[in-house]
Amino acid sequence: MSLSLLQPSFFMSKTRSYAYILIGFQLFLTAMAIHLSLRVAPPDLQQGGNSRILYVHVPAAWMSILVYLVTAINSSFFLLTKHPLFLRSSGTGTEIGAFSTFFTLVTGAFWGRPMWGTFWVWDARLTSVLILFLIYLGALRFQKLSVELASISICVGPIDIPIIKFSVNWWNTLHQPGSISRSGTSIHVSMLIPILSNFANSPFFTLFFFVLETRLLILSFLESSLTEEIEARECMHK
(Lines give C-alpha, C1' and ligand atoms only; values in the text may rest on other atoms or scores of the structure.)
Protein backbone atom coordinates (compact mmCIF):
# COMPACT_ATOMS: atom_id res chain seq x y z
CA MET A 1 0.00 0.00 0.00
CA SER A 2 2.83 2.41 0.87
CA LEU A 3 4.46 1.83 -2.51
CA SER A 4 1.17 2.21 -4.39
CA LEU A 5 0.75 5.70 -2.95
CA LEU A 6 3.72 6.79 -5.05
CA GLN A 7 2.30 5.39 -8.29
CA PRO A 8 0.82 8.00 -10.70
CA SER A 9 -2.19 5.79 -11.51
CA PHE A 10 -3.09 5.41 -7.83
CA PHE A 11 -2.62 9.15 -7.24
CA MET A 12 -4.83 10.07 -10.20
CA SER A 13 -7.65 7.70 -9.25
CA LYS A 14 -7.75 8.65 -5.58
CA THR A 15 -7.51 12.41 -6.11
CA ARG A 16 -10.29 12.21 -8.68
CA SER A 17 -12.50 10.33 -6.21
CA TYR A 18 -12.03 12.82 -3.38
CA ALA A 19 -11.70 16.03 -5.44
CA TYR A 20 -15.26 17.22 -4.90
CA ILE A 21 -15.04 16.57 -1.16
CA LEU A 22 -11.80 18.55 -0.96
CA ILE A 23 -13.22 21.45 -3.00
CA GLY A 24 -16.45 21.51 -0.98
CA PHE A 25 -14.60 21.52 2.32
CA GLN A 26 -12.28 24.23 1.03
CA LEU A 27 -15.19 26.49 0.04
CA PHE A 28 -16.92 25.89 3.39
CA LEU A 29 -13.80 26.81 5.38
CA THR A 30 -13.20 29.89 3.22
CA ALA A 31 -16.76 31.16 3.72
CA MET A 32 -16.58 30.44 7.45
CA ALA A 33 -13.23 32.24 7.82
CA ILE A 34 -14.48 35.32 5.95
CA HIS A 35 -17.69 35.41 8.01
CA LEU A 36 -15.86 35.10 11.33
CA SER A 37 -13.21 37.67 10.39
CA LEU A 38 -15.52 40.37 8.99
CA ARG A 39 -18.88 39.83 10.67
CA VAL A 40 -18.44 38.02 13.98
CA ALA A 41 -15.13 39.27 15.42
CA PRO A 42 -15.40 42.74 17.00
CA PRO A 43 -12.88 45.50 16.22
CA ASP A 44 -10.02 45.85 18.68
CA LEU A 45 -10.41 48.60 21.28
CA GLN A 46 -7.03 50.21 20.45
CA GLN A 47 -6.41 49.12 16.86
CA GLY A 48 -9.96 49.43 15.55
CA GLY A 49 -10.69 47.79 12.21
CA ASN A 50 -6.96 47.56 11.49
CA SER A 51 -6.84 44.52 13.79
CA ARG A 52 -8.68 42.47 11.13
CA ILE A 53 -5.45 42.37 9.13
CA LEU A 54 -4.07 40.09 11.84
CA TYR A 55 -6.70 37.47 11.02
CA VAL A 56 -4.85 36.77 7.76
CA HIS A 57 -1.38 38.02 8.71
CA VAL A 58 -0.83 35.59 11.59
CA PRO A 59 -2.06 32.46 9.73
CA ALA A 60 0.06 33.41 6.71
CA ALA A 61 3.12 33.71 8.97
CA TRP A 62 2.42 30.30 10.51
CA MET A 63 1.94 28.77 7.08
CA SER A 64 5.17 30.22 5.71
CA ILE A 65 7.06 28.34 8.43
CA LEU A 66 4.96 25.16 8.38
CA VAL A 67 5.17 24.85 4.59
CA TYR A 68 8.92 25.38 4.72
CA LEU A 69 9.40 22.55 7.23
CA VAL A 70 7.25 20.19 5.14
CA THR A 71 9.09 21.25 1.98
CA ALA A 72 12.44 20.60 3.63
CA ILE A 73 11.29 17.07 4.56
CA ASN A 74 10.08 16.43 0.99
CA SER A 75 13.37 17.76 -0.39
CA SER A 76 15.28 15.37 1.89
CA PHE A 77 13.18 12.42 0.66
CA PHE A 78 13.79 13.49 -2.94
CA LEU A 79 17.55 13.60 -2.41
CA LEU A 80 17.39 10.10 -0.93
CA THR A 81 14.93 8.45 -3.34
CA LYS A 82 14.90 10.68 -6.46
CA HIS A 83 11.16 10.02 -6.68
CA PRO A 84 9.43 12.68 -8.84
CA LEU A 85 6.43 12.95 -6.48
CA PHE A 86 8.69 14.27 -3.71
CA LEU A 87 10.21 16.67 -6.22
CA ARG A 88 6.75 17.90 -7.28
CA SER A 89 5.59 18.36 -3.68
CA SER A 90 8.79 20.20 -2.87
CA GLY A 91 8.32 22.50 -5.86
CA THR A 92 4.70 23.21 -4.95
CA GLY A 93 5.67 23.82 -1.34
CA THR A 94 8.31 26.32 -2.41
CA GLU A 95 5.77 28.23 -4.50
CA ILE A 96 3.12 28.24 -1.76
CA GLY A 97 5.69 29.10 0.90
CA ALA A 98 7.08 32.01 -1.10
CA PHE A 99 3.56 33.38 -1.58
CA SER A 100 2.70 32.92 2.12
CA THR A 101 5.89 34.69 3.21
CA PHE A 102 5.35 37.54 0.75
CA PHE A 103 1.74 37.87 1.95
CA THR A 104 3.01 37.94 5.55
CA LEU A 105 5.40 40.79 4.78
CA VAL A 106 2.78 42.79 2.87
CA THR A 107 -0.01 42.43 5.44
CA GLY A 108 2.47 43.15 8.22
CA ALA A 109 3.52 46.33 6.44
CA PHE A 110 -0.07 47.52 6.10
CA TRP A 111 -0.70 46.72 9.77
CA GLY A 112 2.51 48.45 10.85
CA ARG A 113 1.87 51.72 9.01
CA PRO A 114 -0.90 52.96 11.34
CA MET A 115 0.47 51.13 14.40
CA TRP A 116 4.18 51.95 14.14
CA GLY A 117 4.04 54.91 11.77
CA THR A 118 6.01 53.13 9.04
CA PHE A 119 5.62 50.24 6.62
CA TRP A 120 8.99 48.68 7.49
CA VAL A 121 11.62 48.62 10.22
CA TRP A 122 14.76 46.48 10.36
CA ASP A 123 13.29 44.59 13.27
CA ALA A 124 14.74 41.15 14.12
CA ARG A 125 11.44 39.35 13.45
CA LEU A 126 10.75 41.24 10.21
CA THR A 127 14.32 40.83 8.96
CA SER A 128 14.39 37.08 9.66
CA VAL A 129 11.07 36.63 7.81
CA LEU A 130 12.51 38.62 4.90
CA ILE A 131 15.49 36.24 4.89
CA LEU A 132 13.04 33.32 4.72
CA PHE A 133 11.40 34.93 1.69
CA LEU A 134 14.81 35.31 0.02
CA ILE A 135 15.55 31.63 0.72
CA TYR A 136 12.28 30.71 -0.99
CA LEU A 137 13.16 32.89 -3.99
CA GLY A 138 16.63 31.36 -4.13
CA ALA A 139 15.16 27.84 -4.18
CA LEU A 140 12.77 28.83 -6.99
CA ARG A 141 15.72 30.19 -8.95
CA PHE A 142 17.82 27.09 -8.31
CA GLN A 143 14.98 24.88 -9.60
CA LYS A 144 15.60 26.29 -13.08
CA LEU A 145 19.28 25.34 -12.83
CA SER A 146 19.34 22.09 -10.85
CA VAL A 147 16.62 20.36 -8.83
CA GLU A 148 19.27 18.78 -6.61
CA LEU A 149 20.77 22.21 -5.86
CA ALA A 150 17.31 23.58 -5.07
CA SER A 151 16.61 20.66 -2.71
CA ILE A 152 19.93 21.14 -0.92
CA SER A 153 19.28 24.86 -0.46
CA ILE A 154 15.86 24.09 1.03
CA CYS A 155 17.38 21.53 3.41
CA VAL A 156 19.96 24.05 4.65
CA GLY A 157 17.45 26.89 5.14
CA PRO A 158 15.67 25.64 8.33
CA ILE A 159 18.39 27.31 10.38
CA ASP A 160 16.36 30.50 9.93
CA ILE A 161 13.20 29.00 11.50
CA PRO A 162 14.32 29.12 15.17
CA ILE A 163 15.65 32.64 14.57
CA ILE A 164 12.18 33.72 13.41
CA LYS A 165 10.55 31.96 16.36
CA PHE A 166 12.80 33.25 19.16
CA SER A 167 13.94 36.59 17.70
CA VAL A 168 11.42 38.48 19.83
CA ASN A 169 12.92 36.82 22.94
CA TRP A 170 16.59 37.07 22.02
CA TRP A 171 16.60 40.72 20.97
CA ASN A 172 14.80 43.92 21.90
CA THR A 173 12.42 44.13 18.95
CA LEU A 174 9.54 46.35 17.95
CA HIS A 175 7.51 43.30 17.03
CA GLN A 176 5.38 42.00 19.88
CA PRO A 177 6.29 38.69 21.56
CA GLY A 178 4.41 35.49 20.75
CA SER A 179 0.81 35.49 21.94
CA ILE A 180 0.38 31.70 22.02
CA SER A 181 2.54 29.40 24.17
CA ARG A 182 2.29 26.17 26.15
CA SER A 183 0.91 28.08 29.11
CA GLY A 184 -1.96 29.54 27.10
CA THR A 185 -2.73 32.53 24.93
CA SER A 186 -3.15 36.26 25.46
CA ILE A 187 -5.45 36.54 22.43
CA HIS A 188 -9.11 36.91 23.27
CA VAL A 189 -11.28 34.06 22.03
CA SER A 190 -13.26 36.42 19.77
CA MET A 191 -10.03 37.09 17.84
CA LEU A 192 -8.44 33.68 18.28
CA ILE A 193 -11.25 31.78 16.53
CA PRO A 194 -11.01 33.80 13.25
CA ILE A 195 -7.22 33.39 13.28
CA LEU A 196 -7.49 29.62 13.76
CA SER A 197 -10.22 29.33 11.12
CA ASN A 198 -8.03 31.11 8.55
CA PHE A 199 -5.09 28.93 9.53
CA ALA A 200 -7.19 25.76 9.19
CA ASN A 201 -8.17 26.91 5.71
CA SER A 202 -4.57 27.31 4.54
CA PRO A 203 -3.47 23.62 4.55
CA PHE A 204 -6.50 22.65 2.46
CA PHE A 205 -5.64 25.35 -0.07
CA THR A 206 -2.04 24.08 -0.15
CA LEU A 207 -3.23 20.47 -0.60
CA PHE A 208 -5.64 21.50 -3.37
CA PHE A 209 -2.90 23.41 -5.20
CA PHE A 210 -0.50 20.48 -4.86
CA VAL A 211 -3.06 17.97 -6.17
CA LEU A 212 -3.96 20.22 -9.10
CA GLU A 213 -0.34 20.83 -10.11
CA THR A 214 0.58 17.17 -9.77
CA ARG A 215 -2.40 15.99 -11.82
CA LEU A 216 -1.55 18.48 -14.58
CA LEU A 217 2.07 17.30 -14.54
CA ILE A 218 1.05 13.63 -14.81
CA LEU A 219 -1.44 14.37 -17.60
CA SER A 220 1.21 16.34 -19.47
CA PHE A 221 3.67 13.46 -19.12
CA LEU A 222 1.09 10.93 -20.33
CA GLU A 223 0.19 13.15 -23.29
CA SER A 224 3.83 13.56 -24.32
CA SER A 225 4.41 9.79 -23.95
CA LEU A 226 1.36 9.03 -26.09
CA THR A 227 2.52 11.51 -28.74
CA GLU A 228 5.96 9.89 -28.86
CA GLU A 229 4.39 6.44 -29.16
CA ILE A 230 2.17 7.54 -32.06
CA GLU A 231 5.11 9.15 -33.84
CA ALA A 232 7.19 5.98 -33.33
CA ARG A 233 4.42 3.82 -34.85
CA GLU A 234 4.09 6.16 -37.82
CA CYS A 235 7.83 5.91 -38.46
CA MET A 236 7.65 2.10 -38.35
CA HIS A 237 4.89 2.06 -40.99
CA LYS A 238 6.82 4.29 -43.38
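Helices are DSSP runs of H or I with at least four residues, and they are numbered from the N terminus. All views show a predicted model.

**Figure 1. Overall fold of the protein chain, with 7 helices and 2 strands.** From the N terminus on, the order of the elements is α-α-α-α-α-α-β-β-α. The protein chain has 238 residues, and buried residues make up 36% of them. Among the contacts in the protein chain with a separation of 6 or more, 75% are between residues 24 or more positions apart. The accessible surface of the protein chain comes to about 14,500 Å², and carbon and sulfur atoms account for 70% of this area.

**Figure 2. Nonpolar surface patch made by residues of helices H1 and H7.** The patch consists of Ile23, Leu27, Phe208, Leu212, Leu216 and Leu219, and covers about 530 Å². Helix H1 spans residues 8-40 and helix H7 spans residues 189-237; each of the two supplies at least two residues of the patch. H7 provides the largest share, with 4 residues. Leu212, one of the patch residues, is found in helix H7. With a relative accessible area of 40%, Leu212 is partly exposed, because values from 20% to 50% fall between buried and exposed.

**Figure 3. The largest nonpolar core, with 15 residues.** Val67, Tyr68, Leu132, Tyr136 and Ile154 are the residues with the most contacts inside this core. At least two core residues are supplied by each of helix H2 (54-81), H3, helix H4 (124-145) and helix H6 (160-170). Helix H4 gives the most to the core, with 5 residues. In soluble globular proteins, nonpolar side chains tend to be buried together.

**Figure 4. Surroundings of Tyr136, one of the core residues with the most contacts.** Leaving aside neighbours within four places in sequence, Tyr136 is in contact with Ser64, Val67 and Tyr68, as well as with Gly93, Thr94, Gly97, Ala98 and Thr101. Val67 and Tyr68 also belong to the group with the most contacts inside the core.

**Figure 5. Helices H2 and H3 and the residues that follow them.** The end C-alpha atoms of H2 are 40 Å apart, in agreement with the 40 Å that its 28 residues should span at 1.5 Å a residue. Helix H3 (residues 84-116) has 33 residues and reaches 46 Å from its first C-alpha to its last, close to the expected 48 Å. H2 is followed by Lys82, with a positive phi near 60°. H3 is followed by Gly117, whose phi is also positive, near 85°.

**Figure 6. Salt bridge between Glu148 and Lys82.** The structure holds 1 salt bridge. In the pair formed by Glu148 and Lys82, the closest N and O atoms are 3.7 Å apart. Glu148 lies in helix H5 (residues 147-156) and Lys82 in the loop between H2 and H3, so the pair ties together parts that are 66 residues apart in sequence. Glu148 counts as partly exposed, at 32% relative accessibility. Lys82 is likewise partly exposed, at 43% relative accessibility.

**Figure 7. Tyr55 of helix H2 and its contacts.** Tyr55 has a relative accessibility of 1% and therefore counts as buried, the cut-off being under 20%. Leaving aside neighbours within four places in sequence, Tyr55 is in contact with Ser37, Ala41 and Pro42, and with Met191, Pro194, Ile195 and Asn198. The C-alpha atoms of Tyr55 and Leu196 are separated by 8.3 Å, although these residues are 141 residues apart along the chain.

**Figure 8. Trp170 of helix H6 and its contacts.** Apart from its neighbours within four places in sequence, Trp170 is in contact with Pro162 and Ile163. Trp170 and Ala124 are 46 residues apart along the chain, and their C-alpha atoms are separated by 9.1 Å.

Notes: Residues are numbered from 1 along each chain as its sequence is written. This is a predicted model: local features need pLDDT of at least 70, side-chain atom pairs count only at pLDDT 80 or more; totals for chains, interfaces and linings use all residues. Side-chain values use heavy atoms; hydrogens and water are left out. The expected span of a helix is 1.5 Å times one less than its number of residues. A nonpolar core is a set of buried Ala, Val, Leu, Ile, Met, Phe, Trp, Tyr and Cys residues joined through side-chain atoms within 4.5 Å. Buried means under 20% relative accessible area, exposed over 50%, partly exposed in between (1.4 Å probe, protein chains only). Contact means heavy atoms within 4.5 Å. A salt bridge is a side-chain nitrogen of Lys or Arg within 4 Å of a carboxyl oxygen of Asp or Glu. Patches are made of residues with over 30% relative accessible area and no salt bridge: like charges are joined within 9 Å, nonpolar side chains (Val, Leu, Ile, Met, Phe, Trp, Tyr) within 5 Å. Accessible areas come from the Shrake-Rupley method with a 1.4 Å probe; for residues, only the protein chains shown count as cover.
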